[in-house]
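Grab a viewer and work through these short exercises on pockets, strands and backbone oddities. Try each task before you read its solution.

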Amino acid sequence: MFNDLCCKDKIYRNYVGGEWVKSETSKLISINSPVDGSLVGKVQAMSKEEVDYAIQNAKEAQKQWDKMPINKRATILLKAADLLDEKAEEIANIMVLEIAKDKKSAISEVNRTADYIRFSADTAKNMAGETLPGESFPGTGKGKISIVNRVSLGVVLAISPFNYPVNLSASKIAPALMAGNSVVLKPATQGSISALHLVRVFQEAGVPAGVINTITGRGSEIGDYVVGHPLVDFINFTGSTEIGLRISGITTMKPLLMELGGKDAAIVLEDADLDLAAHNIVAGAYSYSGQRCTAVKRILVIDKVADELVKKVREKVKLLKVGNPINEQVDVVPLIDDKAADYVESLILESKEKGATILEGGNREGNLIYPTLVDNVTLDMRLAWEEPFGPVLPIIRVNNVDEAISIANKSEYGLQSSVFTRDINKAFYVANKLEVGTVQINNKTERGPDHFPFSGVKASGIGTQGIRYSIEAMSRPKAIVLNIE
Ligand code: NAP
Ligand code: G3H
């Protein structure tokens, strides 16, 4: 039964209404590996009518799913988590090919996703409503009591990006399902084969027909139609700020949860443990070639310790393994496509033309950009402000802590920041002033652990994710008021 997902001529189908279906459009999108150009598979470009059908299925199935006791929904999700762990190797191998993620990170993504699903099931089972006594409010007597419980929203549209095709799909699907919603998943086109395998796992675990449905096709072609669909009750989007802005412009009266781009700063103060800072900065900036929203995307270092820090960072950058993730375990992999590499290269070249010093890297082979470290970056350079989503790290030297905070906050983004210092008072001074969703003290910027709140301000997002926060975002409080004599 599960072979229906694929695979005559590597053509993948969509999961709609409990069946793996072929598109009537006969329009196929070839998914080629960013590593070597080989064909990973073909996915279907769905028509508007097929999108309608998928969303209608989700609408109809939601009512029964919502009626299922939460402990039964949890049992299904727990099974999905176990199955995902069992299939970690198989799915990771697809991710290595499809999105050029290194094998270790791919396996870790699948296992982390299984943990995410388990934690979502457990959290939802343990969430409780509340009763509010009316008498607290002036003029209200003892007999008025509000019983408040969280209820589902309906159909959740989950749109995920290429860089975590399994995790950033499941981190929408699992909380949405536990809250009693049905889901329509539109994965990133490059990443959709990995995401379809995730959906197959939910199917195998026993999620009823119609409760999860998938839509494949280019976002540029069907995206506007999908997000504007009248039967969609909530949109949970992770991706670029550009597309996030587009979606929020199109949708009206539709609640949104969005995690978008970032320009996370690592602020290094005079008294920092520079070995610790260098270790975290390099791991944070270059893993998966910097294609992470939370990657360290700029260093703001106090001039007095800049030379010493730069030396340590440089030594570690030299040790990064660069290459082909299909053949070996590497740190820096080819970027998702040539367009992404062109963009990263343009940022490096512009900074060089304007006088920055390329300490390491700066070279490129096709879509593989070597780990690049750029010193003496100044505020007139694009590299100081734009999100490369690639393995390039600018160093901006500053005179004092307030200058670092001011430059950090001038960014259009506000996802995370790190501060490295041995002084807890200074750490809090900086953390309290930074305009971001999360500040990490003496650690790299990163999303996990996944039950922590994860949010971006300014151009980095709307709303808060994180297991309980996501369940809350995809449900609403409903009040029933008792009026006792
Ligand atoms: P993207 O180009 O914005 O695409 C994200 C998703 O949106 C994909 O599924 C894409 O489908 C879809 N899409 C494209 N156009 C659309 C439209 N008009 N309407 C609806 N959906 C549309 O982002 P990406 O290149 O996959 O990921 C890189 C970006 O995401 C970076 O900026 C990064 O910072 C951000 N990101 C943020 C977080 C976070 O949690 N803050 C996490 C990961 C990534 P197609 O693939 O078919 O175009
Ligand atoms: O790319 C965006 C992800 O939300 C980042 O997650 O910090 O675990 O790599 P991560």
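**Exercise 1. Work out which element gives the most to the lining of the second largest pocket, then place that pocket relative to the domains.**

Solution. Keep in mind that this is a predicted model.

Step 1: start with the helix α4, which gives the most to this lining, with 5 residues.

Step 2: look for the centre. The pocket has 26 lining residues, and Ser105, Ala283, Ser287, Tyr288 and Arg292 lie nearest its centre. Two elements, α4 (103–125) and α9 (274–286), give two or more residues to the lining.

Step 3: add size and chemistry. The volume comes to about 640 Å³, and the lining splits into 9 nonpolar, 7 polar and 10 charged residues.

Step 4: check the domains. Domain 1 (6–261 + 467–480) and domain 2 (265–441) both contribute to the lining, so the pocket lies between them.

**Exercise 2. Describe the largest pocket: how much space is in it, and which residues lie nearest its centre?**

Solution.

Step 1: the space in the largest pocket is about 1,600 Å³.

Step 2: of its 44 lining residues, Phe162, Ser240, Glu242, Ile243 and Lys339 lie nearest the centre.

Step 3: go through the elements. At least two lining residues each come from β3 (28–32), α7 (219–227), β10 (234–238), α8 (241–250) and α11 (338–353).

Step 4: sort by class, and you get 21 nonpolar, 15 polar and 8 charged residues.

Step 5: domain 1 and domain 2 both give residues to this lining, so the largest pocket lies between them.

**Exercise 3. Find which strands pair with β18, and say how many of the residues of β18 are buried.**

Solution.

Step 1: take β13 (residues 296–302), which pairs with β18 in the parallel sense over 4 bridges. Here Val301 stands opposite Arg397 of β18.

Step 2: now take β17 (residues 372–375), which is parallel to β18 and joined to it by 3 bridges. Val374 has Pro394 in β18 as its bridge partner.

Step 3: count the burial. β18 (residues 392–398) is mostly covered, with 6 of its 7 residues buried.

**Exercise 4. Trace the six-stranded open sheet and name its edge strands.**

Solution.

Step 1: the order is β9-β8-β7-β10-β11-β24, with mixed pairing.

Step 2: β9 (212–214) and β24 (461–462) each have a single partner strand, so one side of each has no neighbour in the sheet; these are the edges.

Step 3: zoom in on one pair. β7 (residues 155–159) and β8 (residues 182–186) run parallel and share 5 bridges, with Val156 partnered by Val183 in β8.

**Exercise 5. Ser26 and Tyr288 both have a positive phi: which is buried and which is exposed?**

Solution.

Step 1: recall the background. Most residues other than glycine have a negative phi, and most peptide bonds are trans.

Step 2: Ser26 has phi near 60° and sits in the loop between β2 (19–21) and β3. Its relative accessibility is 61%, so Ser26 is exposed.

Step 3: Tyr288 has phi near 45° and belongs to the loop between α9 and β13. Its relative accessible area is just 3%, so Tyr288 is buried.

Step 4: for a peptide bond to check as well, go from Gly448 to Pro449, where the bond is cis with omega near -5°. Pro449 is in the loop between β21 (438–441) and β22 (454–455).

Terms used. Residues are numbered from 1 along each chain as its sequence is written. Chains are lettered from A and ligands numbered from 1 in the order in which they are written. This is a predicted model: local features need pLDDT of at least 70, side-chain atom pairs count only at pLDDT 80 or more; totals for chains, interfaces and linings use all residues. Side-chain values use heavy atoms; hydrogens and water are left out. On a 1 Å grid over the protein atoms alone, a cavity is a set of points where a 1.4 Å probe fits but cannot get out, and a pocket is an open set with protein on both sides within 12 Å along at least five of seven lines; lining residues have an atom within 4 Å of a point. Grid points are joined across faces, edges and corners, and a volume is the space filled by probe spheres set on the points. Ala, Val, Leu, Ile, Met, Phe, Trp, Tyr, Cys and Pro count as nonpolar, Asp, Glu, Lys and Arg as charged, and the others, Gly among them, as polar. Domain bounds come from an automatic or database domain assignment. Buried means under 20% relative accessible area, exposed over 50%, partly exposed in between (1.4 Å probe, protein chains only). Two strands pair if DSSP finds at least two bridges between them.
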